[in-house]
Amino acid sequence: MSGVKLYGSPMSTCTARVLLCLEEVGAEYELVPVSTLTGEQKSPAHLARNPFGQIPALEDGDLVLFESRAISKYVLRKYKESGTDLLKEGNLAESAMVEVWLEAESQQYNPAISPIVYQSLVVPKMGGGTPDQAIIDSSLEKFKKVLEVYEARLSKSKYLAGDFFSLADLSHFPYTRYLMVTPYASVFESYPHVKAWWEDITSRPAFKKVSAGMLGS
Ligand code: GS8
């Protein structure tokens, strides 16, 4: 069976999410570089893969997918024979909890954390611009409220969806990884269960490998 092709950049958060899944299941894959630094994601060739002109996109024969969370589920389903079960689809309640915390990641956690990362890492690095402190401060307030919910959850179960590692945990990695190289990493110090969870998930070999390809490692 030939491997799948992932179009993206190892330093991009959404590409990293899919790379983690591919690594967790031990899939054979090719990472085809598409650089957002040169605007390649808007080229006709890439627009044919992702009509929104963004990375990542995945090609598996004639099947072409975009949206990193949807691609991640496809990868985990395709390679479920690997024995790595990060979706728990054999159990109705467990799989529902995976979905709940995946939604929490994309609808609550990500909107709060991403402006902090964007302002403090991307703005100065990419254009040499000055971070907007008002955006950082209001996002930090929002993020702390989200972390309070996570702290309560993780004081009851080892991982987000239950006492098992899942795609829900994995999906939080890319933006949190970048938060940890900003001056705001210390925000986690006030949430001991969240901090312990972060230390646990980042000790996984797949996380170490994908992290090494990201900025600031
Ligand atoms: C978001 C993709 C995205 O924002 C997903 O795949 O999950 N919901 C989508 N991609 C970014 C890089 S993420 O680090 C991107 O392609 N940015 C360049 C652009 O928008 O032109």
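1. Let's start with Glu67, which lies in the loop between strand E4 (63–66) and helix H3. Its phi is near 75°, a positive value in a residue other than glycine. Please keep in mind that this is a predicted model. Glu67 also belongs to the group of residues that come nearest to the ligand, together with Gln41, Lys42, Ile55 and Ser68.

2. Next, a second backbone feature. The peptide bond from Ile55 to Pro56 is cis, with omega near 5°. Pro56 is found in the loop between H2 and E3. Ile55, on the other side of that bond, offers a polar backbone atom that is 2.9 Å from a nitrogen atom of the ligand.

3. Two side chains also approach the ligand through polar atoms. In Gln41, a polar side-chain atom lies 2.8 Å from an oxygen atom of the ligand. In Thr13, a polar side-chain atom lies 3.0 Å from an oxygen atom of the ligand. As for cover, the ligand has 530 Å² of accessible area on its own, and the protein covers 73% of it.

4. Where does the ligand sit? You will find it in the largest pocket. There are 13 residues around it, and by class this shell divides into three nonpolar, seven polar and three charged residues.

5. Which helices each supply at least two residues of that shell? They are helix H1 (13–25) and helix H3 (68–78). Have a look at the start of each range in the viewer: Thr13 has the polar side-chain atom 3.0 Å from a ligand oxygen, while Ser68 is listed among the residues that come nearest to the ligand.

6. Finally, the charged pairs. The count of salt bridges comes to 12. One to inspect is the pair of Glu59 and Arg49, whose closest N and O atoms are 3.9 Å apart. This pair links distant parts of the chain, with the partners 10 residues apart. Glu59 is in strand E3 (residues 57–60), whereas Arg49 is in the loop between helix H2 (44–47) and E3. That loop between H2 and E3 is also where Pro56 is found.

Note on methods:
Residues are numbered from 1 along each chain as its sequence is written. This is a predicted model: local features need pLDDT of at least 70, side-chain atom pairs count only at pLDDT 80 or more; totals for chains, interfaces and linings use all residues. Side-chain values use heavy atoms; hydrogens and water are left out. A residue is near a molecule or strand if one of its heavy atoms lies within 4 Å of it. A polar contact is a pair of N or O atoms within 3.5 Å; within protein, one must be able to donate a hydrogen and the other to accept it, and residues adjacent in sequence count only if both atoms are side-chain atoms. Accessible areas come from the Shrake-Rupley method with a 1.4 Å probe; for residues, only the protein chains shown count as cover. On a 1 Å grid over the protein atoms alone, a cavity is a set of points where a 1.4 Å probe fits but cannot get out, and a pocket is an open set with protein on both sides within 12 Å along at least five of seven lines; lining residues have an atom within 4 Å of a point. A molecule sits in a cavity or pocket if more than half of its atoms lie within 2 Å of its grid points. Helices (H or I, at least four residues) and strands (E, at least two) are DSSP runs, numbered from the N terminus. Ala, Val, Leu, Ile, Met, Phe, Trp, Tyr, Cys and Pro count as nonpolar, Asp, Glu, Lys and Arg as charged, and the others, Gly among them, as polar. A salt bridge is a side-chain nitrogen of Lys or Arg within 4 Å of a carboxyl oxygen of Asp or Glu.
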